[in-house]
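Here are a few exercises to work through with the structure open beside you. Try each one before reading its solution.

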Amino acid sequence: MREIKFRVWDIKHKCFTEEPFYRWTIANNGYLYNSENDEWHKDSKKFIVNFFTGLKALGVELYEKDIIEFIDSQNKPVRHVIDFDVKEGKYNAHQRWLDEI
């Protein structure tokens, strides 16, 4: 069974939240609960949740919305964005050119 891990992006401060200031739980209804300050967050206007994909690249854990950058066979920089494909039921890396991101 895959471990369920996630990280939370703070939209206002443009960074990932870190313990001990944030201790997150995701409720069955999708709401975020921060037990450190006893706050419930019911909308996605403040925070974005990125789930762990179960994959690693060069020893680094990959999460949803991560961007992987490399040089293709034509020596052109390419970026791939990690997203969950609902139809296929798995995570995929979708190609984006540098000027699209």
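The exercises below go from the whole chain down to single residues, and the model they use is predicted.

**Exercise 1.** Work out which secondary structure elements the protein chain has, and in what order.

*Solution.* Start by counting: there are zero helices and ten strands. Then read along the sequence, and the pattern comes out as β-β-β-β-β-β-β-β-β-β.

**Exercise 2.** Describe the extent, surface and burial of the protein chain.

*Solution.* Take the C-alpha trace to begin with: along its principal axes it spans about 50 × 35 × 25 Å. Next comes the accessible surface, about 7,800 Å², with 52% of that belonging to carbon and sulfur atoms. Now for burial: of the 101 residues, 25% are buried, where buried means under 20% relative accessible area.

**Exercise 3.** Find how far apart the mean positions of the positive and negative charges are.

*Solution.* Tally the charges and you get 16 positive and 18 negative ones. Average the positions of each set, and the two means sit 3 Å apart.

**Exercise 4.** Place Leu58 and Lys65 in the chain, then check phi and exposure for each.

*Solution.* Keep the background in mind: most residues other than glycine have a negative phi.

- Leu58 sits in the loop between β6 (47-57) and β7 (60-63). Its phi is positive, near 55°. With a relative accessible area of 90%, Leu58 is exposed, because the cut-off for exposed is over 50%.
- Lys65 belongs to the loop between β7 and β8 (67-71). Phi here is about 75°, again positive in a residue that is not a glycine. Lys65 has 52% relative accessibility, so it counts as exposed.

Note on methods. Residues are numbered from 1 along each chain as its sequence is written. This is a predicted model: local features need pLDDT of at least 70, side-chain atom pairs count only at pLDDT 80 or more; totals for chains, interfaces and linings use all residues. Side-chain values use heavy atoms; hydrogens and water are left out. Helices (H or I, at least four residues) and strands (E, at least two) are DSSP runs, numbered from the N terminus. Buried means under 20% relative accessible area, exposed over 50%, partly exposed in between (1.4 Å probe, protein chains only). Accessible areas come from the Shrake-Rupley method with a 1.4 Å probe; for residues, only the protein chains shown count as cover. Lys and Arg count as positive and Asp and Glu as negative; His and the chain ends are not counted. The place of a charge is taken as NZ of Lys, CZ of Arg, CG of Asp or CD of Glu.
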